[in-house]
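Q: I'd like to zoom in on one part of this model and go through it slowly. Please keep it chatty, but spell out the cut-offs.

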Amino acid sequence: MAEVDHLAAERATARFDVEEMKVAWAGSRHAVHVADRMARLVASDPVFRKDNRTMLSRKELFKDTLRKAAHAWKRIVELRLTEEEADLLRQYVDQPGYVDLHWGMFVPAIKGQGTEEQQHKWLPLAYKFQIIGCYAQTELGHGSNVQGLETTATFDPKTDEFVIHSPTLTSSKWWPGGLGKASTHAVVYARLITEGKDYGIHGFIVQLRSLEDHSPLPGVTLGDIGGKFGSGAYNSMDNGVLRFDHVRIPRDQMLMRLSQVTREGKYVHSNVPKQLLYGTMVYVRQSIVADASKALSRAVCIAVRYSAVRKQFGSQDGGPETQVLNYKTQQSRLFPLLASAYAFRFVGDWLNWLYTDVTQKLEAKDFSTLQEAHACTAGLKAVTTSVTADAIEECRKLCGGHGYLNSSGLPELFAVYVPACTYEGDNVVLLLQVARILMKTVSQLASGKQPVGTMAYMGKVQYLMQCKSAVSSAEDWLNPDAIQEAFEARALRMAVNCAQNISQAASQEEGFYERSPDLLEAAVAHIQLIIVTKFIEKVHQEIPGHGVKEQLQALCNVYALYILHKHLGDFLATGCITPRQGALANEQLGKLYAQVRPNAVALVDAFNYTDHYLGSVLGRYDGDVYPALYEEAWKDPLNETVVPEGYHEYLRPLIKQQQLKLSRL
Ligand SMILES: CCCCCCCCCC/C=C\CCCCC/C=C/C(=O)SCCNC(=O)CCNC(=O)[C@H](O)C(C)(C)COP(=O)(O)OP(=O)(O)OC[C@H]1O[C@@H](n2cnc3c(N)ncnc32)[C@H](O)[C@@H]1OP(=O)(O)O
Ligand SMILES: Cc1cc2nc3c(=O)[nH]c(=O)nc-3n(C[C@H](O)[C@H](O)[C@H](O)COP(=O)(O)OP(=O)(O)OC[C@H]3O[C@@H](n4cnc5c(N)ncnc54)[C@H](O)[C@@H]3O)c2cc1C
């Protein structure tokens, strides 16, 4: 009971309106309402139970995923849910499965790369689940290097067909989610060959399995690639392997929005940038940024609530011990993660806006913002997923020993989340893409070309290369202009330093290769600047609700000053701030943590997660952690019998043998 009281007391110390913070977090009152309804719908349905997930075998887990996906679809149809509601329902079911790839990549690939005619033919089938699709790009031999894929699609003008073939072992498709067991179709990326010429990678819709009995079609070899990291977790997904032996598909199953092959076999490229082929990845990368804030906020919610419940040391004269949340070290590890969850949420919203804007421009044949979309989605995907993966592990440690139990929810969350650093583009590979664009922008500065969008600050090169921070007290670091200037100067100076070093190499390529570790850091600095800028812009907006703006202001400052403290070396080495100013930033950070402390539990309540979605005995809303932990332990299959299986085979003979030996002595 005492623990329950603890969280009630924590909630009472909040200095802001939690209901209004829920609106700020979700984006609108409508969004809070819909999310609430969908979360409760899932939580109250026994089919969506997930507390036993880590104890299921792979086969049981996969079947459970099929059952949940089918039930979710049934509910979506029965309740006539809107697209927004259906997306949220699937999110709260919270079990990776083939449907993620069907809706998240197969459908967007056809929408983005298919002609109107192709969309008309294929999308209704996909929308009604008459076919199930996946995204088959990566191969055993190549993932990052898309241009290196080996699968071929050779046009045969005699039959008006493409022949899809896997010429080598390394050309086997390897990894696509939903491919292993569930999908009937795939968008397959292959080298288009016509009239004897290789035109590079293009997308093709290929049927893989019979719609009657689900068996692979002739020439198609298919299977699952095997168990993955952690128990439960991403093992619910059937990541697959696929080989083609001269499989024929009609010519009109090449996705022809960007380029076409005529009946005669002539290759025609529309007047659009060829990078639009990568459009589905750009779309998914922006949604992964939004997902980063969800995964991070879940972990932080668990760690904050548990840290308020957990007590260690400090008891005097039999009085209460100290809540671990009151330890300054706990705060300095946890509150930056809380601030990062909010930062990623807001930058994710902005990125979604940018993506929508770019998409509209592309439809009007305006390709000017394509590079900005690529740099922002790639860079933000890389930074937010890396931070989130590390943060989930940090939250596990913040929960002490109990964090290591599956029932804390953290091991599974980590295991599910950590591949986000790899899929949809390895984070290092993506940051190098950002670095390439930064170097291009720096090189154009001399010619007077004004950078735009998130690179616009580089246009202030004369000022930013020599400015000195005016901060002279800890409070000065609360000024957003001081923060903004320091972050801009750091990012620009790091990029310019890299460019200067590269220019001394024998060639641009060699210089880029040699300096790539520094370039990664410059790219991270640029992306952190974007996150800080978008958070500052958010806080400048009108935000209703008692105390809400003030809390967000504090979190924005925590985020910025934490990054400054963590990367102090960059700020000092580039001469943007002095060691004294760095120390003042750290002093202000300590004051901000004290400001966050009484609001911490309410700030995670504002995420509005149900206990079902959190899936953690440590993160329970009521804070009644110990009885739940105790009860959960007894549910383990090992506790089904008092004497374990194997006792008579292995334990008893061992003990008896030793007893016998002893009795002989
Ligand atoms: C139970 C608990 C639950 C807990 C839940 C937690 C949350 C979970 C979150 C779940 C969310 C989603 C689920 C996702 C499921 C995962 C699905 C995964 C799918 C995949 O992985 S699909 C495969 C993805 N593959 C990749 O990303 C490959 C990466 N490689 C590339 O993108 C490219 O090859 C490259 C960019 C690295 C290089 O390409 P290349 O053609 O060689 O180009 P370059 O020479 O480098 O550049 C040429 C020019 O093109 C520009 N460019 C490159 N890319 C793009 C682009 N995308 N858009 C626009 N322009 C681009 C580049 O800048 C160059 O331009 P320039 O010529 O210099 O002007
Ligand atoms: C859970 C999961 C789900 C996936 N789902 C799908 C899917 O549905 N469909 C699909 O098509 N694919 C899918 N993938 C594949 C995924 O997109 C690739 O694994 C990813 O793009 C990374 O490519 P890779 O495996 O070739 O890594 P590699 O490129 O081989 O990376 C290995 C190492 O080399 C480094 N490296 C590579 N290139 C460079 C470079 N130029 N400079 C410096 N360092 C470099 C990387 O940083 C990394 O450290 C999935 C992967 C996972 C893990």
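How many residues surround ligand 2, and which are the closest?

A: Ligand 2 is surrounded by 20 residues, with Tyr135, Thr138, Gly143, Ser144 and Asp426 the closest. A residue makes that list if one of its heavy atoms lies within 4 Å of the molecule.

Quick housekeeping before going on. This is a predicted model, so local features need pLDDT of at least 70 and side-chain atom pairs count only at pLDDT 80 or more, while totals for chains, interfaces and linings use all residues. Residues are numbered from 1 along each chain as its sequence is written, chains are lettered from A and ligands numbered from 1 in the order written, and side-chain values use heavy atoms, leaving out hydrogens and water.

Now the polar contacts, meaning pairs of N or O atoms within 3.5 Å (within protein, one must be able to donate a hydrogen and the other to accept it, and sequence neighbours count only if both atoms are side-chain atoms). The side chain of Asp426 puts an N or O atom 2.6 Å from an oxygen of ligand 2. Backbone atoms join in too: a polar one from Gly143 lies 3.0 Å from an oxygen atom of ligand 2, and Gly177 offers a polar backbone atom that is 3.0 Å from an oxygen of the ligand. On its own, ligand 2 would expose 970 Å², and the protein buries 62% of that. Those areas come from the Shrake-Rupley method with a 1.4 Å probe; for residues, only the protein chains shown count as cover.

Who else is in the shell? H12 gives the most to the shell around ligand 2, with 3 residues. Helices here are DSSP runs of H or I with at least four residues, strands are runs of E with at least two, and both are numbered from the N terminus. By class, the shell around ligand 2 holds 10 nonpolar, 8 polar and 2 charged residues. Nonpolar means Ala, Val, Leu, Ile, Met, Phe, Trp, Tyr, Cys and Pro; charged means Asp, Glu, Lys and Arg; the others, Gly among them, are polar.

Ser144 is worth a second look, as it also turns up for ligand 1. Of the 30 residues around ligand 1, Ser144, Tyr278, Arg285, Glu424 and Lys440 come nearest. Gln137 has a polar side-chain atom 3.3 Å from a nitrogen of ligand 1. The side chain of Gln147 sets an N or O atom 3.3 Å from an oxygen of ligand 1, and for Gln433 the matching side-chain distance to a ligand oxygen is 2.9 Å. Taken alone, ligand 1 exposes 1500 Å², of which the protein buries 78%. Helices H6 (98–113), H8 (279–309), H11 (410–417) and H12 (427–445) are the elements giving two or more residues to this shell. H8 gives the most, with 6 residues. The class count around ligand 1 is 14 nonpolar, 9 polar and 7 charged.

So H12 is a name to remember for both ligands: it gives the most to the shell of ligand 2, and it is listed among the helices around ligand 1.
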